[in-house]
Amino acid sequence: MALVRFVFLFVLISFSASAQKDYKLWLQYNKVDNAEIASEYKNSLNNIVSFGNSETIKISVKELETGVFSMLDKKTEVKTQIEGENNLIIGSKSSLDSNLLKTLEADFEKINKEGFIIKSIAVKNKKQLIITGKNDVAVLYGVFSFLRILQTNKPINNLNIADSPKTNIRILNHWDNLDRYVERGYAGISLWNWQKLPDFIDQRYIDYARANASIGINGTVLTNVNANALILTPQYLEKVEALANVFRPYGIKVYLTARFSAPIEIGNLKTADPKDPEVINWWKNKAAEIYKRIPDFGGFLVKANSEGQPGPQNYGRDHVDGANMLADAVAPFGGVIMWRAFVYSEHDANDRAKQAFAEFQPYDGKFKENVIVQVKNGAIDFQPREPFHPLFGAMPKTPLMMEFQITQEYLGFSTHLVFLPKLFQEVLESDTYQKGKGSTVAKAVDGTLYQHKLTGIAGVANIGNDLNWTGHPFAQANWYGFGRLAWNPYLDSETIADEWLRCTFSNDENFIKPVKNIMIESREAVVNYMTPLGLHHIMDTGHHYGPGPWVSNLSRPEWNPTYYHKADKNGIGFDRSKSGTNATAQYAPEVEKLFDNLETCPEKDLLWFHHVSWDYKLKNGQTLWNGLALKYQEGVNQVAAMQNVWNKTEKYIDSERFHEVQMLLEIQNKEAKWWRDACLLYFQQFSGKELPAGVEKPTQTLEYFKSLKFPFAPGNGK
Ligand code: GCW
């Protein structure tokens, strides 16, 4: 009996230890096991000297104490005066004495409001390390950045860092409903426990804020863009206020989605017409009511006249009327309106890829100062690969915000290991040629191209109440990488993968090198086994789980995969060139030319822009049919290669996360094959050709794949 109890206890303890690893994200603060580095760190870190006593500074101190203790086994004392040498001084500009201010004068010139300085300095001839910034939250960012230096085992003896975020709004968009169902969520239910709020503050809220602050995220939209007006009632605002209070010391502002018809639904008005004086007044009062509770409320995110959501067009008005009316309501309080450009209509016979541009581009320059238009990275919908959205090169007078999707709606849910920063980087680096060569999407987004003051990057969150937050241990890297890129859209995804692996797992090069490769390869792998050569939107209906290239019976034509791949006897692909829908004309002439011409169009985007015959010769000499089939196979092979690498990592990490990833990769392998077989069997009906050598025979018939149904697949909107 005693033995049983002992074993039980042991299991419990080891479970909670490993569970903690999953939960702790990239803030593991593993013990530094390189003795030399550890002793160098210990020698350079005596006491913490803390100036200021705001909540944020207290959090910063605690974080440093925890981090240093856990990584170095060293207990630091917290002082309020500098004594001796090798102290770690933290405090914001206003709390520093004139001596320190003078020493750092030139450094403060280098940073913006949210930027930080980490610098080795001499105070009265004694060496010290200081972390500072223009306000307390900037100091917190500096603290996390410093801890990351320790986590990644980099030297600290001569630091001289001045780093500022390049965008103002670095924000998560939660597609969370009030009943806690997360639209396109694959990691459990919503973190926000509305029923227990405002009185019960779940530790999760604090840990969420801390994780976000550690990567520089400074905003969160709590509610789904498919909005519910109830969030704007006092009953819910009280709960929102409680969350805002938790997030504030971490520098995170709360935003909400505004349902355009709220004045009718909760305000008892007869209309929501943005030109109606009563409606205008209702929103003004609502804004005042919110700001009374939450003085630093960020503003509203709005999905209007898109996929059935109400909007100004219901009243014969346009997007500018709607956005500007709301902008006026929040302007007195410093709020912003993030107005989404994700619009398309079944009543518009135009190519769906052209519709958002056609509608929004003419509005350039017409929005109020505190409106930022939020544009998805591509013109369709978060596909494994899309060319950059043409709006990014076409609205010089309007601040444009990037919307990325961190949750993997179209990239294997939380089951597939896909490192998204690679995708994000590809988009950010794309050249719009708006002001000639070098006019990258990143420059449009960070405002440097047209000197916009309001800038931002949004990511549709992949977070839920799963123990590990994101469903897949490696999906944590996508949350992390999103934050890092929102801070600096010019960061290299490989650097991000490297940092994340070291902070999350281990600094052992034998682990880092091969696993980093997995991450970097993983994005191309998913493109290959789902939608190679520019194919897109061929997933199954509604839940978007698995392949469904055959689907053609949906009420809206542009919801059908057959609309997108247009496979027939003659070939496959969507002709968006001049001979087709001419979507290429929405890009700057240099880009238009590149995409329009079959010879110059990058092969990765081939079938996005061209309908190409099955016998078309690819650059490597293969026919399109053979090349397509081989790409599908390559995707499957890449997953198998990822598995081989992963299977050798067991000795470097905890067995729980090792096994989790191992099982998930096995599912990914099965599903990659499913995609390959289903798509190739389906397209083969049109090509009429044999599978080339090197492509494995399908395991099932096309009929079988078509018969698969998933009525309970997660994340499908309700
Ligand atoms: O990708 C599609 C999703 C919808 C989502 C919509 C949007 C929130 O399938 O679930 O709705 O985009 O971005 O508004």
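Here are some questions and answers about a predicted model, with its ligand and its aromatic rings as the main topics.

Q: Why is Gln235 called exposed?
A: The relative accessible area of Gln235 is 53%, and exposed means over 50%, so Gln235 counts as exposed. You'll find Gln235 in helix 8, residues 234-247.

Q: What makes the contact between Lys303 and the ligand a polar one?
A: An N or O atom in the Lys303 side chain sits 2.6 Å from an oxygen atom of the ligand. The cut-off is 3.5 Å, so that pair falls within it. Arg340 has a polar side-chain atom 2.7 Å from a ligand oxygen, and for Asp381 the distance is 2.5 Å.

Q: How much of the ligand does the protein bury?
A: Taken alone, the ligand exposes 340 Å², and the protein buries 97% of that. Around it is a shell of 4 nonpolar, 3 polar and 8 charged residues.

Q: Why is the pair of Phe505 and Trp646 called edge-to-face?
A: The ring centres are 6.3 Å apart, and rings pair within 6.5 Å. Their planes stand at 70°, and over 60 degrees counts as edge-to-face, so that's the label the pair gets.

Q: Where do Phe505 and Trp646 sit along the chain?
A: Phe505 is in the loop between helix 16 (493-504) and helix 17 (509-530), while Trp646 belongs to helix 21 (residues 624-647). They're 141 residues apart, and the pair links distant parts of the chain.

Q: Are Phe505 and Trp646 buried or exposed?
A: Phe505 has a relative accessible area of 5% and Trp646 has 0%. Buried means under 20%, so Phe505 is buried, and so is Trp646.

Q: Why does the pair of Phe595 and Phe609 count as stacked?
A: The planes of Phe595 and Phe609 are at 20°, and under 30 degrees counts as stacked. Their centres are 4.3 Å apart, so they also meet the pairing limit of 6.5 Å. Phe595 lies in helix 19 (residues 589-596) and Phe609 in helix 20 (residues 606-609), so the pair ties together parts 14 residues apart in sequence.

Q: What makes Arg352 a charge over the ring of Tyr344?
A: The charged end of Arg352 sits 3.7 Å from the centre of the Tyr344 ring, and the distance limit is 6 Å. Lys196 lies over the face of Phe200, at 4.9 Å from the ring centre.

Note on methods
Residues are numbered from 1 along each chain as its sequence is written. This is a predicted model: local features need pLDDT of at least 70, side-chain atom pairs count only at pLDDT 80 or more; totals for chains, interfaces and linings use all residues. Side-chain values use heavy atoms; hydrogens and water are left out. Helices (H or I, at least four residues) and strands (E, at least two) are DSSP runs, numbered from the N terminus. Buried means under 20% relative accessible area, exposed over 50%, partly exposed in between (1.4 Å probe, protein chains only). A polar contact is a pair of N or O atoms within 3.5 Å; within protein, one must be able to donate a hydrogen and the other to accept it, and residues adjacent in sequence count only if both atoms are side-chain atoms. Accessible areas come from the Shrake-Rupley method with a 1.4 Å probe; for residues, only the protein chains shown count as cover. Ala, Val, Leu, Ile, Met, Phe, Trp, Tyr, Cys and Pro count as nonpolar, Asp, Glu, Lys and Arg as charged, and the others, Gly among them, as polar. Rings of Phe, Tyr and Trp (its six-membered ring) pair if their centres lie within 6.5 Å; planes under 30 degrees apart count as stacked, over 60 as edge-to-face and the rest as tilted. A charge sits over a ring if NZ of Lys or CZ of Arg is within 6 Å of the ring centre and within 35 degrees of the ring normal.
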